[in-house]
Amino acid sequence: MIRSFFIVSLLSVVFATPVVADEMFSLKIGFASLDVDGKFAGENGVVATKIDFDDDLNFDDSEGVFAEAAVQLGPFRVSGGYLPMEFSGNGNISRDITFGGQTFSAGTNVASDVELDVYDLAVAFHIINFDDGPMRVQIGPELAVKIADVDMSFRDTSGGATERVSGTVPVPTIGARGRIALSDFVGVVGRIGYLEVGDNSFLDAEVQVEYSPLPMLGVFAGYRYIDVDVDESGVILQSTFSGLFGGVLARF
């Protein structure tokens, strides 16, 4: 439901924006390999055990496709991104773990999955905006809303109990975005945003290099670091996600 609403809203922004002389629409589709570190828990009326991604179940990395679309209107940039992450682990737990109101005894073989979909809606205002010369420099503040859609499960592989906890948490962030490029040939892009609201916080930072051998087509690669601290509706997620990404881009 959230995914469908996000896609419709993003397309509405892109195609309902009036065309002006310096407008630029860009689309990026890439592949990210992200490592997870931290803890998660699922509450259901009782105190839950915080489960370590590495120590308790040796979770694997997340590998998947992500996308970003943006519209540039003079000094303003409106963008929307979607980053799905999915981690899974399997093994015998060495201690009693309470998840979703159910206690799993030490020695039980457990399979667990954590899915985190991050929706990113952002508006940047480039206070420095030199975009009509051989060298382009764009730097300014950025306001964003990160919507974290979390789904976590814990299952006894012998056919015993299965518990699932899910929730959706919107967290606004305040930060900055910058791009320095030699025309559209080679460019370096960086952005960072952070804000803490109640028991929830979100830090999102990335840097990437763009290479466009053709005026409208190119490739990009970079590194992303996300630090999420969520305690909402029975979902507890205190984790970092980091790794490399790369993909293709188009500009119109």
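A cavity here is a set of grid points where a 1.4 Å probe fits but cannot get out. Keep that in mind as you open this predicted model, since the structure holds two cavities of 30 Å³ or more.

**Stop 1: the largest cavity**

Start with the largest cavity, which encloses about 210 Å³ of space. To centre your view, select Phe 66, Ala 67, Glu 68, Glu 206 and Arg 224; of the 19 lining residues, these are the closest to the centre of this cavity. Next, colour the strands that supply at least two lining residues each: strand 1 (24-42), strand 3 (62-73), strand 4 (76-92), strand 7 (109-125), strand 12 (200-211) and strand 13 (217-232). Which strand gives the largest share of this lining? Strand 4 does, with five residues. If you colour the lining by residue class, you will find nine nonpolar, four polar and six charged residues.

**Stop 2: the second largest cavity**

Now move to the second largest cavity, with a volume of about 40 Å³. Select Lys 28, Glu 68, Arg 77, Arg 177, Val 189, Arg 191, Glu 206 and Gln 208 to show its lining. Glu 68 and Glu 206 should look familiar: they are among the residues closest to the centre of the largest cavity, and they also line the second one. Strand 11 (186-197) and strand 12 each contribute at least two residues here. By class, this lining has one nonpolar, one polar and six charged residues.

**Stop 3: strand 4 and its partners**

Select strand 4 together with strand 3, and you will see an antiparallel pair held over seven bridges. At the hairpin that these two strands form, two residues lie between them, and Gly 74 in the turn has a positive phi of about 60 degrees. Leu 73 stands opposite Phe 76 of strand 4.

Then add strand 7. Strands 4 and 7 run antiparallel and are joined by 17 bridges. For a landmark along this pairing, pick Val 78, which stands opposite Val 123 in strand 7.

Stay in strand 4 and select Phe 87. Is Phe 87 buried or exposed? Its relative accessibility is 1%, so Phe 87 counts as buried. Beyond its neighbours up to four places away in sequence, Phe 87 touches Leu 34, Asp 35, Val 36, Phe 59, Asp 60, Asp 61, Ser 62, Ser 112, Asp 113, Val 114 and Phe 241. Try a distance label between the C-alpha atoms of Phe 87 and Asp 60: they are separated by 6.0 Å, although the two residues lie 27 apart along the chain.

**Stop 4: the largest nonpolar core**

In soluble globular proteins, nonpolar side chains tend to be buried together. In this model, the largest nonpolar core has 37 residues, and Phe 40, Met 85, Leu 237 and Phe 241 touch the most other members. Several strands supply at least two residues each, including strand 1, strand 9 (135-156) and strand 10 (162-182). Strand 14 gives the most to this core, with five residues.

Zoom in on Met 85. Its contacts more than four places away in sequence include Leu 34, Val 114, Leu 116, Val 118, Ile 226 and Phe 241.

**Stop 5: Thr 240**

Finish in strand 14 (residues 235-251) by selecting Thr 240. Thr 240 counts as buried because its relative accessibility is 18%, and the cut-off for buried is under 20%. Leaving out residues up to four places away in sequence, Thr 240 touches Asp 35, Val 36, Asp 37, Tyr 225, Ile 226 and Asp 227.

Terms used
Residues numbered from 1 in each chain as written. Predicted model: local features only at pLDDT ≥ 70, side-chain atom pairs only at ≥ 80, totals over all residues. Heavy atoms only, no water. Helix = DSSP H or I, 4+ residues; strand = E, 2+ residues; numbered from the N terminus. Buried < 20%, exposed > 50% of the residue type's maximum accessible area, 1.4 Å probe, protein only. Contact = heavy atoms within 4.5 Å. 1 Å grid on protein atoms, 1.4 Å probe; cavity = no way out; pocket = protein on both sides within 12 Å on 5 of 7 lines; lining within 4 Å. Points joined across faces, edges and corners; volume = space filled by probe spheres on them. Nonpolar A, V, L, I, M, F, W, Y, C, P; charged D, E, K, R; others polar. Core = buried A, V, L, I, M, F, W, Y, C linked by side-chain atoms within 4.5 Å. Pairing = 2+ DSSP bridges.
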